[in-house]
Structure formats: C-alpha cells, structure tokens
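Subject: The structure for you to look through

Dear colleague,

I am passing on the structure that we spoke about, and I would be glad if you could keep it open while you read the notes below it.

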Amino acid sequence: MRVSPSLRRLTAAFAVALLPFGLAQGGVHAQSTGDATARSVTNVAEASWDEGGARQRISSNIVRFEVSAQPAVPPSIRVYRRAPGTGAGSELVYRTPRCTASAAPAQRLSALNTGDLAGGAPAISSTSTATVQQTDRLRGGEPLFFEINAAAANRDPAAIDSLTVVLTTIEGDRETMTVFETEANSGIFAGVIDTLRIPPAVVQEDCRLSVGADSRITVAAVRPGSDATLVSADVTVLVDPFGMVFDSETGEPVSGARVTLVNADTGAPAIVFAPDGVTAWPSSVVSGQTITDGAGNAFPMAAGEFWFPLTTQGRFRLAVEPPAPYTAPLCRAARGARPGHAPERPALCDPRRILR
Ligand SMILES: [Ca+2]
Ligand SMILES: [Ca+2]
C-alpha cells in the first residue's frame, strides 16, 4: 500500500503520540526519596513506514516526565478560635511562629534536636497544642489560630520547613510571620497570632493584629521562593461593644463608676477571663479607666467604657456604684404588683444608665 506524504506524516504523528503510552510500561523508572515516591517515566517515540520498497524508521529524542504517586492536593487554609470551656473542640498542633519573614527554608531535624541552628535558619520552637474550633468569625481580642495545608511548601521531607504568612486587616494592619511545619514531612503549617482591639492605634509588624468593629482579616500564605500568594482565607471579626455608663439626661459618658459583674444565682462576683479565654480578668472595673488583666496586659477604655470579655455560662447582672453627683441606677418601678400576684409590669433596671 502506498502512503501519501501527507498521510505518512499523519501516521508518524500518531505513532509518536501513541508510542509513549505503549512504551511506558517497560520504560518506567521509579525512585524514592524518603516517604515521598516520585516516578520518572522515560520514553523514546519510534515511527516506521514503508517507502520505495524499504522499511524506514526514525526515533524521537528522549522524553522524561515525573509522575506523582498521589494526586496533588490543592493548598488550603483553616482558621480556628480557641474553644471556650473544656470538652468541646479539637486539638491543634502548632509551633510558635516568628514575627518576621525568613529566607531560610528549613530546619534540619538533627539541628532541631541538638539546638545547633544552621546559619540563617529560623529557630523553631517545640510543638504546642491548643483546643480549638474551626471558624470563619472571630471576636476582636481573641487569638487567631490557622493551619495551612501546603504540600508544595514541604520541600525537604527530612526537615521542618517554614512558610511565610502575611496577615492583613481592612484597618491597615499587616503582620508578616514565619510559620513552621508541624512535623518534618507533614506539609502542614500551623500558627497563631494575637488580635487586638482598636484603640490603641494600628502598628504594622508589631506581632499583634489590630482589628476594629466589623473588621476582616486576610490570611495569605506566600508561595516559597516568590511573592505570589499560594492560598488565602478571610476571617470576619466581630467586636463586642464595650459597656458604657452614661448620663441619662445628657447622654454624655460617665467615667469613674465602679461596675461589677455579679453571678445572679450566687450573688458572688463572676469569674471573668481576658479575650484569650485563659487569662484572669477583674470582675470589678471602673468605667473609663484602663483595665489590667492577670498577665499585666493593659486595655485602655474610652470615657464611660467598661468591658467584661468572657465569662463562664450562667446568669449575670451588673452592679454599678456611680460617682458623685450621680446617685443610683435608673430603674423603672414595678406596676400593679399585689401581694400573691405577679406584677403587670416587672421592675426593670438598666445598670448602665444612672441618674443624678
Ligand atoms: Ca519538610
Ligand atoms: Ca499590628
């Protein structure tokens, strides 16, 4: 059968296209590096045809390509907040990040074990755990935990790799962190950053992320070796309003009132925690005065403001001791109360409002 030149080229093209698959079974060379198995497939395409009564044959150049043993998992970010109380939530393993970017890609396990740090390599803390729950919302002042699954950033299966993470807020704060792989060959990079309510004013790269009311945080992992974003996620921030003591006639804030959070069932001062859910917080504060938590952190309050960030579950009331010339909380008297009968309208006190 005579083959036209055009058909001959087509035939050869098919042969080139099809031969690699035919040869692949005999031409696969596998090599392993640690637990990560990569396959290198080497192919030579061969075409043959009859022309002028003679058998013609031609071989292509050598083509090699790598075949991953497992399909690549796209990078992803999960964001967590500390689980309130005990019993709920899951354990997050992380290493304390460094609040700077680092060009050094990895820390060898041997150095990690001996503390002998290679030149330029970031010091890596031992692993910590936190009980957390996944979220896309956070209260201002809570620590923000994040976990980045990025197999591409696990460049050395025998070393703790690091990943640069940039956190930004819509108020203009920006924190650049070096986040470490949880294990040498996990491909998972987890870390935490404290958030801080505004005020005080935003300060970039101070290792704390300032957020305002209805803020949004963007967590972005940077592709190793470039400035491009590998993967990012947004977190909505809810800022609980501060309590406010104000003049019921003028509406002006009133500083200097002692406000106590009281357990309504026991009458005892409530157990209060700082925004991190762990650090002690005073159960009695003075409106408009800076509040200092059990770890010595200062939380400035604007005029008339007070704040009880977190407490245990239960029923609570506020007790207010107003400064002079104010005398008492504003209360609405009960109406229609008769002995043995419920009042038509119960008494109602708004302890944040006081009369003079
Ligand atoms: Ca690694
Ligand atoms: Ca900051």
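What follows is a description of the chain as a whole, then of the metal sites, the disulfide and the loop beside them.

Please bear in mind that this is a predicted model, in which local features need pLDDT of at least 70 and side-chain atom pairs count only at pLDDT 80 or more, while totals for chains, interfaces and linings use all residues. Residues are numbered from 1 along each chain as its sequence is written, chains are lettered from A and ligands numbered from 1 in the order in which they are written, and side-chain values use heavy atoms, with hydrogens and water left out.

**The chain as a whole**

The protein chain has 2 helices and 28 strands, where helices (H or I, at least four residues) and strands (E, at least two) are DSSP runs numbered from the N terminus. Of its 356 residues, 34% are buried; here buried means under 20% relative accessible area, exposed means over 50%, and partly exposed lies in between, with a 1.4 Å probe and protein chains only. The accessible surface of the chain comes to about 19800 Å², and 53% of this belongs to carbon and sulfur atoms; such areas come from the Shrake-Rupley method with a 1.4 Å probe, and for residues only the protein chains shown count as cover. If one takes the contacts (heavy atoms within 4.5 Å) between residues at least 6 apart in sequence, 63% of them join residues at least 24 apart.

**The two calcium ions**

Which atoms coordinate the calcium ion (ligand 1)? They are Asn-154 (OD1), Asp-156 (O), Ala-159 (O), Asp-161 (OD), Glu-181 (OE) and Ala-184 (O), at 2.2 to 2.4 Å. Donors are N, O and S atoms within 2.8 Å of the metal (3.2 Å for Na, K and Ca), and sites may look incomplete because water is not among the atoms. The 6 donor atoms of ligand 1 subtend angles of 78 to 172 degrees, which makes the arrangement octahedral. For that word, six donors need opposite ones over 155 degrees apart and all others between 65 and 115, and an arrangement that meets none of the set criteria is called irregular. Ideal angles for six octahedral donors are 90 or 180 degrees. Two of the residues at this site are buried, namely Asn-154 at 17% relative accessibility and Asp-161 at 1%.

The calcium ion (ligand 2) is coordinated by Asp-173 (OD), listed twice, together with Glu-175 (OE), Val-203 (O), Asp-206 (OD) and Arg-208 (O), at 2.2 to 2.6 Å. Here the 6 donor atoms subtend angles of 52 to 159 degrees, so the arrangement is irregular. Val-203 is partly exposed, with a relative accessible area of 41%, and Asp-206 is also partly exposed, at 25%.

**The disulfide and the loop that holds Cys-207**

The structure holds 1 disulfide, a term used for a pair of cysteine sulfur atoms within 2.5 Å. Cys-99 and Cys-207 form it, with their sulfur atoms 1.7 Å apart. The pair links distant parts of the chain, 108 residues apart, with Cys-99 in the loop between β5 (90-95) and β6 (106-108) and Cys-207 in the loop between β12 (188-197) and β13 (208-211). Both cysteines are partly exposed, Cys-99 with a relative accessible area of 27% and Cys-207 with 32%.

Most residues other than glycine have a negative phi, and most peptide bonds are trans. In the loop between β12 and β13, however, Cys-207 has a positive phi of about 75 degrees, and Glu-205, which is also placed in that loop, has a positive phi of about 55 degrees. A cis peptide bond joins Ile-198 and Pro-199, with omega about -5 degrees, and the bond from Pro-199 to Pro-200 is cis as well, with omega near 5 degrees.

**The strands on either side**

β12 is mostly covered, since 8 of its 10 residues are buried. Strand β9 (residues 143-149) runs antiparallel to β12 and is joined to it by 7 bridges, and Phe-146 stands opposite Gly-191 in β12; two strands pair if DSSP finds at least two bridges between them. β12 and β13 pair in the parallel sense over 4 bridges, with Asp-194 opposite Arg-208 in β13, and Arg-208 also gives a donor to the calcium ion (ligand 2).

With best wishes

Note on methods
Tetrahedral: all angles 85-135°; square planar, octahedral: opposite > 155°, others 65-115°.
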